[in-house]
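Please look over the sequence and the model below before reading on. The paragraphs that follow move from the interior of the protein to a single loop residue, and end at a pocket.

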Amino acid sequence: MTLLQLRTSEDEPTSRRVSRVLRLIEAERDRADLVMLPEMWSVGAFADPDTVTAAAEPLNGQLATSLGQAAKAAGLWLHAGSIPEIVDDTLHNTSLLFAPDGQLRATYRKIHLFGFDAGEAAIMTGGGQVVVTGTPLGRTGLSTCYDLRFPELYRELLNLGAGTFLIPAGWPTARIETWELLARARAIENQAFVFACNAAGISGGVSLGGRSLVVGPCGEVLAMADSDEERLSVDVDLTQVARSRAEFPVLADRRMTGPPWIPASAE
């Protein structure tokens, strides 16, 4: 498994960055069975709305097609981070997962949009579907960046059989300690692997924090990148999920597993 922590630079045109990343994917041939990219890496996670809107394309657009071809050429699974997707006149922050044959195997439209009515929250529409799919990591739940702050999403992914979570992000340096803490929390509370691939560099004047990481089902950090562009490669023992859940069966003690809730009494 390889996480490609990409550096976003406002001096690097999108077309040049895309070409560079396609070469990085090709270089993973025979080195990784699954490669992962950050959130919105082609334009930058904090790019201005006009830039994002201009770059948006459908799932059969040029960028997605090129990424599928890259996965096929390298013979690997590719979680291509996320791209700005347009459907009719609606924008989504959409993650793409390609199989080694180049086919788009799964998509996930980011549910929780960041910005408090600004940024992506102002121009994009959140998704409404929770996605779990098969990968070389087993049953795998998809989420994106700001989703990490909402544990109920990961409980639903767990309920659908996920033992691993893939989380591309454009998490800023200003809150990078929270990034690590939340990634470890989602792993611990669900006894699952977390593969969290962040961006580095600058986007929209915002410093992106890097520090992509892989967390084991007991919350142990198995690998972590630094703050600049980096290739983070790790081998994991997937049997740890079942073993940790059997040895410490905390998930069996859940009581509040879904609505309807019993309302609290109040005077």
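In this predicted model, the largest nonpolar core holds 43 residues, and those that touch the most other members are Met 1, Leu 3, Phe 165, Trp 171, Trp 179, Val 194 and Phe 195. Two or more residues of this core come from each of the strands β3 (34-36), β6 (104-109), β9 (164-168), β10 (193-197) and β13 (213-215), and likewise from each of the helices α5 (151-159) and α6 (176-190). A second core, separate from this one, has 21 residues, among them Leu 6, Trp 41, Leu 76 and Leu 78.

Met 1 shows what such a position can look like in detail: leaving aside residues up to four places away in sequence, Met 1 touches Asp 33, Leu 34, Met 36, Leu 137, Leu 166, Phe 195, Leu 232, Ser 233 and Val 234.

Asp 33 also serves as a reference point for Ser 9, since the two are 24 residues apart in sequence and 28 Å apart in space, C-alpha to C-alpha. Ser 9 sits in the loop between β2 (7-8) and α1 (14-26). Is Ser 9 buried or exposed? Its relative accessible area is 17%, and because buried means under 20%, Ser 9 counts as buried. With residues up to four places away in sequence again left out, Ser 9 touches Arg 17 and Ile 202.

The largest pocket encloses about 340 Å³ of space. Its lining is made of 24 residues, of which Ala 45, Phe 46, Lys 110, Phe 114 and Glu 120 are the closest to the centre. At least two lining residues are supplied by each of α2 (49-55) and α4 (120-123), and by class the lining has 14 nonpolar, six charged and four polar residues.

Key. Residues numbered from 1 in each chain as written. Predicted model: local features only at pLDDT ≥ 70, side-chain atom pairs only at ≥ 80, totals over all residues. Heavy atoms only, no water. 1 Å grid on protein atoms, 1.4 Å probe; cavity = no way out; pocket = protein on both sides within 12 Å on 5 of 7 lines; lining within 4 Å. Points joined across faces, edges and corners; volume = space filled by probe spheres on them. Helix = DSSP H or I, 4+ residues; strand = E, 2+ residues; numbered from the N terminus. Nonpolar A, V, L, I, M, F, W, Y, C, P; charged D, E, K, R; others polar. Buried < 20%, exposed > 50% of the residue type's maximum accessible area, 1.4 Å probe, protein only. Contact = heavy atoms within 4.5 Å. Core = buried A, V, L, I, M, F, W, Y, C linked by side-chain atoms within 4.5 Å.
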